[in-house]
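Visitor: Hi! I'm new to this and would like a hand reading a protein structure. Can we look at one together?

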Amino acid sequence: MKRLFGIVESETHSVLDKLENPIKQTEQGIRDLKADLSKSMQGLAEVKALNIRERKEHQTNVRSAKEFEQKAMMLLERANHGQINPQEADRLATQALERKQQLEQRAGANATNLKNYEGMLTKMESNVQQLKSQISKWENELKTLKARATVSDASAKLNKQLSNVDSSTTIARLEKMREKVEEKEALADSYADIASLSNTTVEDEIDSALGLQGGNSPHTLGASSELEKLKAQLAEKNNTK
């Protein structure tokens with residue numbers, strides 16, 4: 001039986017070891033996922049910052065391109081009104097329009113970058129949500145595994161305690177205790193008998209032999225006889241009257 005319990009105990013520890021491995025693996029997996037999540041959040045913040053800056057540059061370039069176009073028109077209008085030399089107005093207006101084209105090209109590049117950033121942000125935000133969901137799932141699984149490990153550990157300890165209980169030894173101890181109790185009870189009865197004998201006098205022994213126990217001594221019998229005589233005399237006296 002002890003060998004059998006030893007095998008059971010060994011198997012229990014083996015099961016617990018196998019259960020602890022997934023717990024450690026899950027904890028490590030959660031740590032790895034949280035590290036990935038932290039990196040993803042940092043990358044997401046950086047891409048968002050780039051997107052914000054690119055949008056501002058796009059708006060600035062578009063606004064500046066319109067301003068240079070308006071300046072070119074103003075130069076031509078002033079030249080028409082004779083306020084500026086027509087040749088000088090044409091030269092400056094041409095430079096303004098060239099600047100406008102440069103700004104429009106930059107604005108176009110900004111728009112392309114914004115489109116790319118928005119695609120990246122959408123994908124990264126999706127990945128972040130998946131990571132958060134996976135972490136939550138693994139944390140719940142970890143709680144379940146830990147609860148199972150706690151129950152298994154408690155069961156293993158209880159089974160170990162039960163396996164160490166020797167019923168034959170316990171029964172033998174109970175029998176030995178019963179014998180001692182019976183011996184003490186017999187000894188108490190013996191002392192009671194001895195005490196009864198020690199309190200008995202010779203007169204008690206004689207009365208017991210004569211059957212005169214319980215107040216039926218010769219003196220008591222004599223008094224009873226006298227009482228009967230008095231009753232007879234009284235009855236005779238009454239009859240005479």
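Visitor: Let's start with one residue: is asparagine 110 buried or exposed?

Guide: Good place to begin! This is a predicted model, and in it asparagine 110 has a relative accessibility of 4%. The cut-off for buried is under 20%, so asparagine 110 counts as buried.

Visitor: Nice. Which helix does asparagine 110 lie in?

Guide: Asparagine 110 is part of helix H2, which covers residues 86-163.

Visitor: And what does asparagine 110 touch?

Guide: Leaving out residues up to four places away in sequence, asparagine 110 touches Glu54, Glu57, His58 and Asn61. With glutamate 54 there is a polar contact between the two side chains, at 2.5 Å.

Visitor: Switching to charges: how many salt bridges does a search of the whole structure find?

Guide: The search turns up 8 salt bridges. One of them joins glutamate 139 and lysine 34, with their closest N and O atoms 3.2 Å apart.

Visitor: Which helices do glutamate 139 and lysine 34 lie in?

Guide: Glutamate 139 is in helix H2 and lysine 34 in helix H1 (residues 2-80), so this pair ties together parts that are 105 residues apart in sequence. Glutamate 139 is partly exposed at 30% relative accessible area, and lysine 34 is partly exposed at 42%.

Visitor: Cool! What about glutamate 125, which residue does it form a salt bridge with?

Guide: Its partner is lysine 48, and the closest N and O atoms are 3.6 Å apart. Here again the glutamate is in helix H2 and the lysine in helix H1, so the pair links parts that are 77 residues apart in sequence.

Visitor: And where do glutamate 118 and arginine 55 come in?

Guide: Their side chains meet in a salt bridge at 3.0 Å, N to O. Glutamate 118 belongs to helix H2 and arginine 55 to helix H1, so they tie together parts 63 residues apart in sequence. There is a network too: salt bridges that share partners join Glu69, Lys100 and Glu104.

Visitor: New topic, rings! How many aromatic pairs are there in the whole structure?

Guide: The search finds 0 aromatic pairs. The ring of phenylalanine 68 does have the charged end of lysine 71 sitting over it, though, 5.1 Å from the ring centre.

Visitor: Last one: what is the average pLDDT of the protein?

Guide: The average is 79, and 73% of the residues score at least 70. Among the elements, helix H2 has the highest mean, 88, and helix H4 (residues 202-210) the lowest, 64. Residues 1-9 stay under 50. Where pLDDT is low, the predicted coordinates should not be read in detail.

Note on methods: Residues numbered from 1 in each chain as written. Predicted model: local features only at pLDDT ≥ 70, side-chain atom pairs only at ≥ 80, totals over all residues. Heavy atoms only, no water. pLDDT = per-residue confidence, 0-100. Helix = DSSP H or I, 4+ residues; strand = E, 2+ residues; numbered from the N terminus. Contact = heavy atoms within 4.5 Å. Phe/Tyr/Trp six-rings, centres within 6.5 Å; stacked < 30°, edge-to-face > 60°. Lys NZ or Arg CZ within 6 Å of the ring centre and 35° of its normal. Buried < 20%, exposed > 50% of the residue type's maximum accessible area, 1.4 Å probe, protein only. Polar contact = N/O pair within 3.5 Å; in protein donor to acceptor, adjacent residues only side chain to side chain. Salt bridge = Lys/Arg side-chain N within 4 Å of Asp/Glu carboxyl O.
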